[in-house]
Amino acid sequence: MRSNRWQVDFMRQRNKFFIGSGLITFVGVVMLALFGLHFGVDFRAGTNLDIELGKKTTISEVRTVLEQAGYGKLEPRLGNNSDRVTVRFTETLTVQQVQKIEQAFVAKYGKQVSKEENTVDPQLALEQLQKAIIAVAVACVGIIVYVSIRFEWRFALAGIVALFHDAFIVISLFSIFRLEVNLPFIIAVLTIIGYSINDTIVIFDRIRENMRFAKIKSPDDLADLINKSIWQTLGRSINTVLTVLVVAVALFLLGSESIRLFSLAMLIGLVAGAYSSIAIASSLWYVMKKPSIQANKDVPA
Amino acid sequence: MVSKVTNKVNRPRLVLWIAIVVITLGVIGATSLPIAQKVKLGLDLKGGFEVLYVAEPLEPGQQVTPEALLETARNLQQRIDKQGTSEPEITPEGDNRIRAKIAGVQNESELRELLKKPSELSFRNSEGKKELLGSDFVPGGATIEFDQTGRPYIGITIKNKEKFKEVTTRLLNQPLAIYLDEEMLSAPIIQAVIPDGKASIEGDYQLDEVKNLVNTINLGALPLKLTEKYSQSVGATLGQKSLETTLWAGIIGSVIVLVFMIWYYRLPGVIAAISLITYTWLLMLAFQLMGVTLTLPGIAAFVLGIGMAVDANIITYERIKDELRSGKTLLSALRAGSKNSFATIMDANITTIIAAAVILFIGSSSVRGFGVILIASIVCSILTNVFYSRWLLSMFVRTNVLLQPKYFGVKGEEIRAL
């Protein structure tokens, strides 16, 4: 009885999901090719200043202060409560220069002004970027190896594609909306990778368990079994993503502004991870496994 | 269905269960605040600055050695210590880098200028004129020696033998004071003319003093130029605000998760809530014992970890519900559910550990902290959300209180005949 509205026929509807994800990926690739990522100082050198003013203000006031300090051509950004300013300098500032700017803000807004400064030199920025890319690559390889050992290669392949899909969605969205990419972003991507494969494994585990006692005589049998496995684990998949999501949303809305982008990346990655585990990974495996089932079908019973 | 097992409430076990829960929560309640206060906070929460220097030799033709790097780092630490600020952490990194972390300072730019200056070693005569400079000494040429009576003294090697011979001849029987920057460390008297550039400095020295002087001379012989490559400086107020808002976000998020678990899973949910609280406490204790420095991303990891830790409970409880729906009795559903979900939980945790291990090995210092926290979270989660919570649940079920499936979130009509 397909009365339960959650029991979507994931296998036979798979093309809808493939097309959907394919579209997003395509847009993402185009965006990255055209605009690249908006790198923060961790990867593209320079100085970043976050200044807590303790009072509400406007962009034009902030610009005036910066102009008087000798930095007129910049685009400062105002935080959510209008009491925090972020300024990004493409050159690396010295301690004295930073101090001068801080004094200018103290003069205008009072002694409670507090700042966070991040300065990265070009050589180090490049190094950090390289290390970050290597880290992500190594993590993926480690996971492919582990999943191949625990399951079979088709599972590993399906899992990795789902994983890239999730990481890619986060990267594309950050590119489309020109959100700043720094070291915490890479940490978020690595965590999302871990979580996404986590999620996918739970479903694969159930598929493998169900296959032990089932007789698969046709691709249809296989599709039904996979659907059943997904429905059986749906409760867990949804609840787990909900609980982590609640915490991630709390961090995003209520937490410090310094980690807001990190929380956002986690949010997007978690949702993408749940979606890809349920709608993409298993369908991919089905597509890969179908030929071997059909081959058996031709053998007389 | 006739049940062979008596359904009388097992009072002693119930009492034991309640006692365990009360003790657990009691210990957590009593020790949480002291533990939390002892956890080391990173600069982005406490305020302070961190600088990564690249070291190059001041004199052309010299090369950065590990000893020179270590000595320079030690010297920098001494400079900051003298200013009276608390806990500077200055360590060599890689072949030619030094990382300095200094918390809670008022005069940051002064200190940063102070750190950048190379040390100057000089040997001065009684009028204060500099007779020898650091560049006159062979790098690494100062050594600790012992004479026949076991007293320590300093052996030095000068590059220019003629020059040293001239100085020792001219200043025979006069003191030649050893200065580092403007501080006089010792003033030994020249007792003989040295023709070959190799001399010994003797006196009433303790071993510590000799060690210090040897290190200082070697430092002066290979002064390093430090250039800032990376810096992060956080004002104390901003750091404090970051800490407070993020902690609040974490607490609110966690409370919502606990409420959800209890509402959705009923009785097991209550147990999950207890084990989650225990998990948080255990993780904090682990931080304090490991001496981990908690940075802002670290707190985010901590908070997210709570959301993920509950996953082990969810996997188990969904499985138990499945077994209940298939008609098994409560106790056998519990056992079957726990057994079947264990492999899944371990698989899921191992993949996260792989990601965390990568972060640990490849990341830079602040990123590494995140990796440590992630791995610690998984270990603590296995201890509390797998073993401890299963033990509690199993014990409670065997007290025979609240036996109906509805207390486990399974509706009567969902149960099929076995």
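## Close-up views of a predicted two-chain model

**View 1. A salt bridge in chain B joins B:Lys129 and B:Glu131.** In this predicted model, the side chains of these two residues meet at 3.6 Å, N to O. How does each partner sit, buried or exposed or in between? B:Lys129 is partly exposed, with a relative accessible area of 47%. B:Glu131, by contrast, has a relative accessible area of 6% and is buried, because the cut-off for that label is under 20%.

**View 2. A second chain B salt bridge pairs B:Lys163 with B:Asp136.** Look for the closest N and O atoms of this pair, which are 3.1 Å apart. B:Lys163 belongs to helix α5 (residues 161-170) of chain B, while B:Asp136 sits in the loop between β6 (130-133) and β7 (143-146), so the bridge ties together parts that are 27 residues apart in sequence. The lysine, B:Lys163, counts as partly exposed at 32% relative accessibility. B:Asp136 is buried, with a relative accessible area of 14%.

**View 3. B:Leu121 is a buried residue of strand β5 in chain B.** That strand covers residues 121-124, and the relative accessible area of B:Leu121 is 2%. What surrounds this leucine, once its neighbours within four places in sequence are left aside? The residues in contact with B:Leu121 include B:Leu132, B:Leu133, B:Gly134 and B:Phe137. Also among them are B:Ile178, B:Tyr179 and B:Leu180, together with B:Thr216, B:Ile217 and B:Gly220. One of these contacts is worth following along the chain: B:Ile217 is 96 residues from B:Leu121 in sequence, yet their C-alpha atoms are 6.8 Å apart in space.

**View 4. Within helix α7 of chain A, A:Asp205 and A:Arg208 form a salt bridge.** The two residues are three apart in the helix, about one turn. Their closest N and O atoms are 3.1 Å apart. A:Asp205 counts as buried at 9% relative accessibility, whereas A:Arg208 is partly exposed, with a relative accessible area of 29%.

**View 5. A:Ser237 is a buried serine in helix α8 of chain A.** Its relative accessibility is 2%. Leaving aside neighbours within four places in sequence, which residues are in contact with A:Ser237? They are A:Ile203 and A:Ile278.

**View 6. Chain A and chain B meet over a buried area of about 5,400 Å².** Carbon and sulfur atoms give 64% of that area. On the chain A side, 62 residues are in contact with 58 residues of chain B. Polar features are here too: nine salt bridges cross the interface, and 26 residue pairs are in polar contact, both residues at pLDDT 80 or more. The elements of chain A that give two or more residues to the side touching chain B include the strands β2 (46-52) and β5 (114-120). Helices on that list are α4 (95-109), α5 (122-150), α7 (183-213), α8 and α9 (260-297). Which helix gives the largest share of the chain A side? That is α7(A), with 14 residues.

**View 7. Salt bridges link residues of the two chains.** For a single pair, find A:Glu127 and B:Arg97, whose side chains meet in a salt bridge at 2.8 Å, N to O. For a group, turn to the network of salt bridges that links A:Asp50, A:Glu52, A:Asp83 and A:Arg84 with B:Lys241. As a wider setting for both, the structure holds 35 salt bridges over all chains.

**View 8. Residues from both chains make a nonpolar surface patch of about 820 Å².** Chain A supplies A:Val249, A:Leu253 and A:Leu254. From chain B come B:Trp248, B:Ile251, B:Ile252, B:Val255, B:Ile256 and B:Val259. Two elements give two or more residues each: α8 (219-254) of chain A and α7 (236-290) of chain B. How many residues make up the largest share of the patch, and which helix do they come from? Six, from α7(B). On the chain A side, A:Val249 is found in helix α8 and is partly exposed, with a relative accessible area of 32%.

How values were computed:
Residues numbered from 1 in each chain as written. Chains lettered and ligands numbered in written order. Predicted model: local features only at pLDDT ≥ 70, side-chain atom pairs only at ≥ 80, totals over all residues. Heavy atoms only, no water. Patch = residues over 30% accessible without salt bridge, like charges linked within 9 Å, V, L, I, M, F, W, Y side chains within 5 Å. Areas by Shrake-Rupley, 256 points an atom, 1.4 Å probe, with all protein chains shown as cover. Salt bridge = Lys/Arg side-chain N within 4 Å of Asp/Glu carboxyl O. Helix = DSSP H or I, 4+ residues; strand = E, 2+ residues; numbered from the N terminus. Buried < 20%, exposed > 50% of the residue type's maximum accessible area, 1.4 Å probe, protein only. Contact = heavy atoms within 4.5 Å. Buried area = accessible area lost by both parts, 1.4 Å probe. Polar contact = N/O pair within 3.5 Å; in protein donor to acceptor, adjacent residues only side chain to side chain.
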